[in-house]
Amino acid sequence: MKKVPLKHVALDPRLQSINTMNQQKKKSFWEDTRIPNTEHPKPTIAQSSFVSKRRLTEDIIARINELPSLPTVVLKIMELIQDDTSSASAIEKYLRQDPGLTARLLRLVNSSFFGLRHKVASIPQAIMIVGYSSLKSLVLAASTSPLFKGAFPGYGLKTAGLWQHSFLTAAWAQKFAKELGWAYEDAEEVFVAGLLHDIGKMIMSTYINEHCQEMYTALFMANGQLTAAEKTLTGIDHTEIGGRIAKKWNFSEKLEFIIKAHHDLSVSSISEKEVSLIQLVNNIVTKTGFGMYENFPLNNNLPELCLKTLEISPDTIEELQRKVISQGEITASEL
Ligand SMILES: [Fe+2]
Ligand SMILES: [Fe+2]
C-alpha cells in the first residue's frame, strides 16, 4: 500500500471539512506527550501478510476471554432497569454497599446535564429530584464508568474521552428518544446501548493504542471510516469485538445487535429504530469533539438512512446538534 507522509495527511483539503466542529481550544492529537510526535513522522500501514493479520485478529479475539465478568452490581442494575416493578429501596441497598459508586453517581446527578439548582447530597434526595427511573440509568453509568476512563489515543480520545463520549451518547439518546415520544422502556434501552456501544474499543485499544500513527494513516486511506481503518490494521473492528463482549457478558440480543450495527450504514430491519438513533447521536457527539484530539481524521457524515428511519427533518437534527454542543462542553468537563 502506498505510504502517505503525515504532513500531507494533515493538510489534505478533503479532511479539512470533517473536523470543522473540532476547532476548539484543545490539545492536538500530536501534541499529547504520550503520543510519538516527531517533526518528520513516517507512518506506515502495517504491511502484514494475510497470515500474520489473521493471527493478530485471533489474538485480539482471544483477549475477550481474559476480560473479567461484569461486576455483580452492574448486572443487578441492568436487571433492575428492565424490571418495571423494581423499587427505589432495591437500588439503595446496592448503593449503600459501595460508597465509591455512590460518589460517582452523585457527581453525575450534580453535573450540569441535569441543570439542578441545588446540589444533591444523598441517594433518597437524588431519587426525589431526578426520579427513580432516571436514577437507575445513572447508577448503571456510574458503575460502568471505570471501564471507560483510560486514554484511547489510537482512537483520537484523550484520558476519559471514551467515558465522556459514551455518557453523552447515552444521555442524549435517551433524552431525544423521550422527545420523539418513544415508550419509557425504549428510551431506557437506548441509554444502555449508548453507554456500551463502543465497548469493543476496550479490547481493540490494546493493539490500536500501540499503533497510533498507523491508525491515523489507515483512517486517512479509508476516508475517515473508522471500522474500515481498524480492519485494515487488524482484520477486525470494535463493533464485531463489542458484539462478542456483549455475548460473553450475556447482554440481551437486542443490545448485542445495536452494538454490532452502530457503524453499519445499511441498517437492517432488526431494531432499526434503536440502531438509527444510536448512530445519529453517536455521530453528533463525535462531531462535537468533546474528549477528542483535534484533527483526528474521522468521517462524521450524517447517515441519511437514519433520518429516514427516525422520520426526522434536518432542522430537528440541527436543533439537537445545537443543544448537544451548548450543554456538552460543560457536562463533559464535569464527568
Ligand atoms: Fe463506534
Ligand atoms: Fe461512539
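What follows is a chat about a predicted model of a protein.

Q: Before I trust anything here, what's the average pLDDT of the protein?
A: This is a predicted model, and the protein averages a pLDDT of 80. At least 70 is reached by 82% of the residues.

Q: Where is confidence lowest, and where is it highest?
A: The low point is helix 2, residues 13–16, with a mean of 33. The high point is helix 13, residues 226–234, at 96.

Q: Which stretch has pLDDT below 50?
A: That's residues 1–48. In the model, this stretch still has 70 contacts beyond near neighbours in sequence.

Q: OK, big picture. How many helices and strands are there?
A: The protein has 18 helices and zero strands.

Q: And what share of the residues counts as buried?
A: Of the 335 residues, 42% count as buried. As for contacts between residues at least 6 apart in sequence, 73% of them join residues at least 24 apart.

Q: Let's do helix packing. At what angle do helix 6 and helix 8 pack?
A: About 120°, with the axes 9 Å apart. Helix 6 covers residues 99–109 and helix 8 covers residues 132–148. That angle makes helix 6 oblique to helix 8.

Q: Is that crossing left-handed or right-handed?
A: The crossing of helix 6 and helix 8 is right-handed.

Q: Which residues make the contact?
A: Helix 6 brings L101, R104, L105, L108 and V109. From helix 8 you get L138, V139, A141, A142, S143 and S145. By class, the residues of this contact of helix 6 with helix 8 are eight nonpolar, two polar and one charged.

Q: What about helix 7 against helix 8, what's the angle there?
A: Helix 7, residues 123–130, packs against helix 8 at about 120°, and their axes are 7 Å apart. So helix 7 is oblique to helix 8.

Q: Who meets whom between helix 7 and helix 8?
A: On the helix 7 side there's A126, I127 and V130, and they meet Y132, S134 and L135 in helix 8. That contact of helix 7 with helix 8 has five nonpolar residues, one polar and no charged.

Q: Moving on. How do helix 11 and helix 14 pack?
A: At an angle of about 130°, with axes 8 Å apart; helix 11 is residues 201–208. That makes helix 11 oblique to helix 14.

Q: Which side chains should I click on for the contact of helix 11 with helix 14?
A: Try K201, I203 and M204 in helix 11, then H238, I241 and I245 in helix 14. The contact of helix 11 with helix 14 splits into four nonpolar, one polar and one charged.

Q: I've got my eye on G242. Where is G242 found, and is G242 buried or exposed?
A: G242 is in helix 14, residues 238–248. G242 has 27 other C-beta atoms within 10 Å, so G242 is buried; the cut-off for that is 20 or more.

Q: What is G242 in contact with, leaving aside neighbours within four places in sequence?
A: D198, I199, G200, I259 and K260. Take I259: 17 residues from G242 in sequence, with the two C-alpha atoms 6.2 Å apart in space.

Q: Last one, S52. Which helix is S52 in, and is S52 buried or exposed?
A: S52 sits in helix 3, residues 50–66. S52 counts as exposed because there are 12 C-beta neighbours inside 10 Å, and 12 or fewer is the cut-off for exposed. Along the chain, S52 and T234 are 182 residues apart, yet 9.5 Å separates their C-alpha atoms.

Note on methods. Residues numbered from 1 in each chain as written. Chains lettered and ligands numbered in written order. Helix = DSSP H or I, 4+ residues; strand = E, 2+ residues; numbered from the N terminus. Contact = placed C-beta atoms within 7 Å. Axes fitted to C-alpha atoms, helices over the stretch in contact; angles between N-to-C directions. Parallel < 35°, antiparallel > 145°, perpendicular 65-115°, else oblique. Left-handed = near helix turned anticlockwise from the far one by under 90°. Nonpolar A, V, L, I, M, F, W, Y, C, P; charged D, E, K, R; others polar. pLDDT = per-residue confidence, 0-100.
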